[in-house]
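Me: I should like to learn how to read a protein structure, feature by feature. Would you guide me through one?

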Amino acid sequence: MLEACFLLSSLPYSENCETAGQRQRQTRLGSDDSWRLQHSVERIFIQECGIHSKQACYPLAFGVPAALMAVSLIVFVIGSGMYKKFQPQGNVMAKVARCIGFAIKNRFRHRSKRFPKREHWLDWANEKYDERLIAQIKMVMRVMFLYIPLPMFWALFDQQGSRWTLQATTMSGKIGIIEIQPDQMQTVNAILIVIMVPIVDAVVYPLIAKCGFNFTPLKKMTVGMFLASMAFVAAAIVQVDIDKTLPVFPKGNEVQIKVLNIGNDNMTVSFPGTTVTLKQMSQTDAFMTFSVDKLTSINISSVGPAVIPVTHNFEQGHRHTLLVWAPGDYRVVKDDLNQKPDKGKNGVRFVNTFDVHFDITMDGVVYENVTSHNASKYHFFSSGKKSFTINSTEISQHCENTFKTSYLEFGSAITYVIKRKADGCPEPMLFEDISPNTVSMALQIPQYFLLTCGEVVFSVTGLEFSYSQAPSSMKSVLQAGWLLTVAVGNIIVLIVAGAGQFSEQWAEYVLFAALLLVVCVIFAIMARFYTYINPAEIEAQFDTDEKEKYPEKSNPYPKLDSQTQM
């Protein structure tokens with residue numbers, strides 16, 4: 001709401017911003033937080049839904065926030081009568097830009113030493129602009145000078161919608177009896193805002209005041225920056241725990257191979273430096289890593305002296321599955337997964353051991369033409385139990401062809417081998433390719449808590465400080481500067497992330513935390529030398545000076561001539 005007051009200060013519908021500032025101290029919920037609540041609602045509804053086929057519920061996800069915005073607009077229109085309405089007084093941004101430009105240009109013209117120096121560089125605009133406007137711009141510039149370090153806070157804050165969400169995709173969303181998706185973790189920020197705003201305003205600040213500590217707005221903002229820095233330290237600690245559970249994928253000229261025996265005999269496979277023996281319907285414990293140039297020979301043997309070499313050009317940087325079902329029968333399948341499944345979903349594929357091809361339908365997704373002794377591509381599903389149906393002319397009608405998967409968690413990849421039982425009916429067997437995420441998303445709550453507390457004491461206090469230090473006609477200029485710091489913060493993320501190219505994500509978190517900590521110290525030093533002012537007193541002084549200089553303007557009843565007086 002205070003943001004709206006800033007932007008509307010030069011429009012017809014405007015409220016006294018000092019009054020709005022007092023109300024903000026009670027509600028502490030600005031328009032950016034209202035937007036975040038609606039954005040969180042949108043994320044909650046982006047789930048799969050549908051009657052005949054499953055798809056993302058984007059109409060519902062965008063429809064609910066749109067309806068809420070319509071309600072907000074209606075409430076705003078109904079309450080418009082409570083606002084003081086003034087006629088527009090021109091473009092204040094243009095006035096400020098022209099005044100600053102003229103002062104710089106005039107100073108450049110009079111750069112010679114023969115021209116006396118002036119107290120402030122904006123005083124070089126005295127030849128064209130009145131003293132009141134120049135004084136107002138001076139107040140604005142003093143505040144905007146303090147805005148210089150602020151983009152670093154937003155560089156960290158806005159990563160909860162990017163880096164932190166990506167971090168959540170590598171974690172388990174099962175928290176007690178509830179289950180959430182990775183992008184829904186951002187709702188924690190909105191919920192904590194609603195909880196922490198009244199607590200901080202009604203409990204924390206009064207307790208600090210009772211302790212006799214002068215907790216000025218700039219000190220609050222410094223604490224907010226420190227808390228945001230600690231939030232990223234917490235994120236780095238969580239990332240270290242996550243990295244311990246992540247699978248290792250091939251890099252450079254490496255390849256990874258897993259052997260899956262889908263036959264009815266024991267099979268022995270020899271690799272350079274190692275040999276594995278697999279019973280029927282079993283696989284190696286994990287993927288084996290080899291350098292392509294050292295993977296000179298792979299041999300398959302079973303009962304008897306026959307040894308069959310594997311001839312295949314393995315593609316470096318990829319995982320492969322070696323399907324074997326007889327000494328002379330094998331197939332190398334290149335896995336299409338070189339990382340954990342995106343968005344915390346689960347990859348599922350099927351291997352066909354029948355002599356004919358078949359189709360499989362799973363949760364509305366069709367695996368078409370899964371050929372004999374071959375593997376399908378991975379398809380990805382959200383958590384929960386799914387059902388799949390095998391369609392083939394070779395399957396007798398008395399056979400069961402619909403099955404349930406095991407419970408799919410988060411970030412796993414599995415293979416179902418469809419084998420033929422003695423009666424000719426299909427039977428699925430589960431093999432794990434990538435283990436599910438084990439680190440709970442609940443571990444992200446501390447970093448969200450620290451960041452939210454930092455936002456409460458930084459963002460809200462920063463706006464309040466700007467109001468208190470800005471003249472009434474310049475509030476929109478300061479609001480524009482405040483929003484500019486948010487934009488610059490996002491640019492900083494792009495620069496640091498693009499230039500850093502970190503191999504470990506926790507290192508990037510630590511870098512951002514260190515940068516904000518340094519900026520926090522710089523801001524604290526700048527705040528130490530800042531002198532608080534009262535714009536109302538300065539404006540009143542100008543009013544008094546104008547009355548003394550032009551007394552006829554202050555007298556609503558001008559002196560009448562003698563005839564009119566009689």
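The dialogue below takes up the chain as a whole, then helices, strands and sheets, and finally two single residues.

Me: What kind of model is this, and how are its residues numbered?

Reply: This is a predicted model, in which local features need pLDDT of at least 70 and side-chain atom pairs count only at pLDDT 80 or more, while totals for chains, interfaces and linings use all residues. Residues are numbered from 1 along each chain as its sequence is written, and side-chain values use heavy atoms, with hydrogens and water left out.

Me: How many helices and strands does the protein chain have?

Reply: Helices (H or I, at least four residues) and strands (E, at least two) are DSSP runs, numbered from the N terminus. The protein chain has 16 helices and 24 strands.

Me: What share of the residues of the protein chain counts as buried?

Reply: A residue is buried when its relative accessible area is under 20%, exposed when it is over 50%, and partly exposed in between (1.4 Å probe, protein chains only). Of the 566 residues here, 45% count as buried. A further figure concerns contacts, that is, heavy atoms within 4.5 Å. Among contacts in the protein chain with a separation of 6 or more, 69% are between residues 24 or more positions apart.

Me: What span should helix H5 have?

Reply: The expected span of a helix is 1.5 Å times one less than its number of residues. Helix H5 (residues 92-109) has 18 residues and should therefore span 26 Å; its end C-alpha atoms are 26 Å apart, which agrees. Helix H13, with 24 residues, reaches 35 Å from its first C-alpha to its last, close to the 34 Å expected.

Me: Which residues of H5 are buried?

Reply: They are Val92, Val96, Cys99, Ile100, Phe102, Ala103 and Asn106. Seen down the axis of H5, these buried residues fall within an arc of 160°, an arc being taken over the directions from the helix axis to the C-beta atoms. They therefore line one face of the helix. On the other side of H5, Phe108 and Arg109 are exposed.

Me: Which residue caps the N-terminal end of H5?

Reply: Asn91 does so: one of its side-chain oxygens lies 3.1 Å from the backbone nitrogen of Met93.

Me: How should one read the pairing of strands in a sheet?

Reply: Strands of a sheet pair through backbone hydrogen bonds, either parallel or antiparallel. Two strands pair if DSSP finds at least two bridges between them. One open sheet here consists of four strands in the order E9-E8-E12-E13, with antiparallel pairing. Strand E9 (274-278) and strand E13 (307-309) stand at the edges with a single partner strand each, so one side of each is left without a neighbour in the sheet. Strand E12 (residues 299-301) pairs with E13 over three bridges, and the bridge partner of Ile300 in E13 is Ile308.

Me: In what order do the strands of the open sheet that includes E18 stand?

Reply: The order of its four strands is E18-E17-E21-E22, and the pairing is antiparallel. Its edge strands are strand E18 (365-370) and strand E22 (402-404), each of which pairs on one side only. Three bridges link strand E21 (residues 387-391) to E22, where Thr389 stands opposite Thr402.

Me: Where do the side chains of a strand point?

Reply: In a regular strand the side chains alternate between the two faces of the sheet. Along strand E11 (residues 288-291), Met288 and Phe290 point to one face and are buried, whereas Thr289 and Ser291 point to the other and are not. E11 is joined by four bridges to strand E7 (residues 254-261), and the two run antiparallel.

Me: How many residues of strand E14 are buried?

Reply: Eight of the eight residues of E14 (residues 319-326) are buried, so the strand is largely enclosed by the rest of the structure. E14 pairs with E7 in the parallel sense over six bridges. With strand E15 (residues 329-334), E14 pairs in the antiparallel sense over six bridges, and a hairpin joins E14 to E15 through two residues.

Me: Is Cys520 buried or exposed?

Reply: Cys520 is buried, with a relative accessible area of 7%. This residue lies in helix H13 (residues 505-528). Leaving aside neighbours within four places in sequence, Cys520 is in contact with Thr222, Met225 and Phe226. The C-alpha atoms of Cys520 and Met225 are separated by 6.0 Å, although the two residues are 295 residues apart along the chain.

Me: With which residues is Gln136 in contact, leaving aside its neighbours within four places in sequence?

Reply: They are Pro471, Ser473, Met474 and Glu539. Gln136 lies in helix H6 (residues 131-146) and, at 9% relative accessibility, counts as buried.

Methods:
Polar contact = N/O pair within 3.5 Å; in protein donor to acceptor, adjacent residues only side chain to side chain.
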